[in-house]
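I opened the model today and wanted to get a feel for how the chain is put together. Here are my notes, in the order I looked things up.

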Amino acid sequence: MYLFIALYPFIKGFEHCRPIVVVDGAHLKGAYKGTFVSASTLDGAGCILPLAYGVIDSENDNSWTWFFEHFRGAFGERVNMCVVSDRHESIIKAVSRVYPSVPHYACVWHLWQNVCKYYKKSKNTLSDVFYAMAKAYRQEDFDEIMKKVEDMDHRVKDYLMLAGYEKWARVHAPVNRGRMMTSNIAECINSCLVEERELPIIDFLEPVRILFGDWNCRNREKATYTFTTLGRKFQEMLVVNEAKSSRMTVRPSSESLYGVDDNGRRYIVCLISKTCSCGRFQLDEIPCSHAIAVLRRKKHN
Ligand SMILES: [Zn+2]
């Protein structure tokens, strides 16, 4: 009735990724129907790494629980793990059953589609504001934007509050969800398999395996081209942060604590806890422009 596949390279690869798992389902359109489900994450270069996939009868409590039980069997539970998906109730229920201490986060795109359905008037005016709020790195920024939302349409604020800030806002998330604000990567997998999903189940599985094998091969090849230990996307982030850092003034308070003046705004960087009051150092888990300014000063002293 159900099928679950986690190939060995997926299981080994997950050990090298942040433990953020995105799940989604897509209907099969062949004679036997059923739903294709997948779990995936982003690797150290920012490419999609499929973790597990399978076929279930439909998205319901039993089938998703079964999927997560097998996922747990293959991947275990990791510290600071989280699951991101649309707000399908069965997924939320299954996560809380199989992984009681792992938070479930909403895909902000799906959440916003719901808001738009109920409050059509605010759809255009608040869309950018909502995404800025979901992605905010600092509590102050979040509060400031939320105040704006409240002034414009307090029903939207009520709805978002009821959904639970910790479910969709980066700054309220109990476990770091990194850059995984949407379940986009799972939909990317589904969109690569549109035609294949019309095949009978067994015939469908082979192109899935081939697709994932191709990705694996291509991503490995790309990874050999990098000239540092960082994957390309993160190398680019560092370069951008480095460029931003060039005009900042750094004032040490101790050997690990620094004040950084960034265009009139003052930030505090702690090298021991790897934090910055801009929020990015600890959430991106890569030095922000302020931390780089500090490192540059240390290097030149
Ligand atoms: Zn910073």
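**Overall size.** I started with the radius of gyration of this predicted model. For 301 residues, a compact globule would come out near 19 Å, and the protein chain has 21 Å, so the two agree. I then boxed the C-alpha atoms along the principal axes and got roughly 65 × 50 × 30 Å. Next I counted the elements: the protein chain has 13 helices and 10 strands.

**The sheet with 6 strands.** I wrote down the strand order as 1-4-3-2-5-6; this is an open sheet with mixed pairing. Which strands stand at the edges? They are strand 1 (3-5) and strand 6 (104-106); each has a single partner strand, so one side of each has no neighbour in the sheet. From one strand to the next, the twist averages 25°. I also checked what packs on this sheet, and found helix 3 (residues 89-98) touching strand 2, strand 5 (82-85) and strand 6. The direction of helix 3 makes about 160° with that of strand 6.

Inside this sheet I zoomed in on one pair. Strand 2 (residues 20-27) and strand 3 (residues 35-42) run antiparallel and are joined by 6 bridges. I picked His27 to follow across, and Thr35 in strand 3 stands opposite.

**The sheet with 4 strands.** This one is open too, in the order 7-8-9-10, and the pairing is antiparallel. Strand 7 (249-252) and strand 10 are at its edges with a single partner strand each, so each has one side without a neighbour in the sheet. Helix 13 (residues 289-300) packs on the sheet and touches strand 7, strand 8, strand 9 and strand 10. I noted about 115° between the direction of helix 13 and that of strand 8.

Then I went through the hairpins. Strand 8 (residues 257-262) pairs with strand 9 (residues 265-270) in the antiparallel sense, over 6 bridges. Leu257 sits opposite Cys270 in strand 9. How many residues lie between strand 8 and strand 9 in their hairpin? There are 2, and Asn263 takes a positive phi near 55° in this hairpin.

Strand 9 also pairs with strand 10 (residues 275-276), again antiparallel, over 2 bridges. Here Val269 has Cys276 in strand 10 as its bridge partner. The hairpin of strand 9 and strand 10 has 4 residues between the strands, and Lys274 in the turn has a positive phi of about 55°.

**Helices 5, 6 and 7.** I looked at helix 5 (residues 123-135) and helix 6 (residues 139-152) together. Their axes come within 9 Å and cross at roughly 155°. Angles over 145 degrees count as roughly antiparallel, so helix 5 is roughly antiparallel to helix 6. The crossing is left-handed. On the helix 5 side I listed Thr125, Leu126, Val129, Ala132 and Met133, which meet Phe142, Ile145, Met146, Val149 and Met152 of helix 6. Sorted by class, this contact has 9 nonpolar, 1 polar and no charged residues.

Helix 6 also packs with helix 7 (residues 154-163), at an angle of about 125° and with the axes 5 Å apart. That makes helix 6 oblique to helix 7. Met146, Val149, Glu150 and Met152 of helix 6 make the contact with His154, Val156, Lys157 and Leu160 of helix 7. By class I got 5 nonpolar, 1 polar and 2 charged residues here.

Notes
Residues are numbered from 1 along each chain as its sequence is written. This is a predicted model: local features need pLDDT of at least 70, side-chain atom pairs count only at pLDDT 80 or more; totals for chains, interfaces and linings use all residues. Side-chain values use heavy atoms; hydrogens and water are left out. Two strands pair if DSSP finds at least two bridges between them. Axes are lines fitted to C-alpha atoms, for helices over the stretch in contact, and angles run from 0 to 180 degrees between N-to-C directions. Angles under 35 degrees count as roughly parallel, over 145 as roughly antiparallel, 65 to 115 as roughly perpendicular and the rest as oblique. A crossing is left-handed if the near helix is turned anticlockwise from the far one by less than a right angle, and right-handed if clockwise. Contact means heavy atoms within 4.5 Å. Ala, Val, Leu, Ile, Met, Phe, Trp, Tyr, Cys and Pro count as nonpolar, Asp, Glu, Lys and Arg as charged, and the others, Gly among them, as polar. The radius of gyration is taken over C-alpha atoms; the globule rule is 2.2 Å times the number of residues to the power 0.38.
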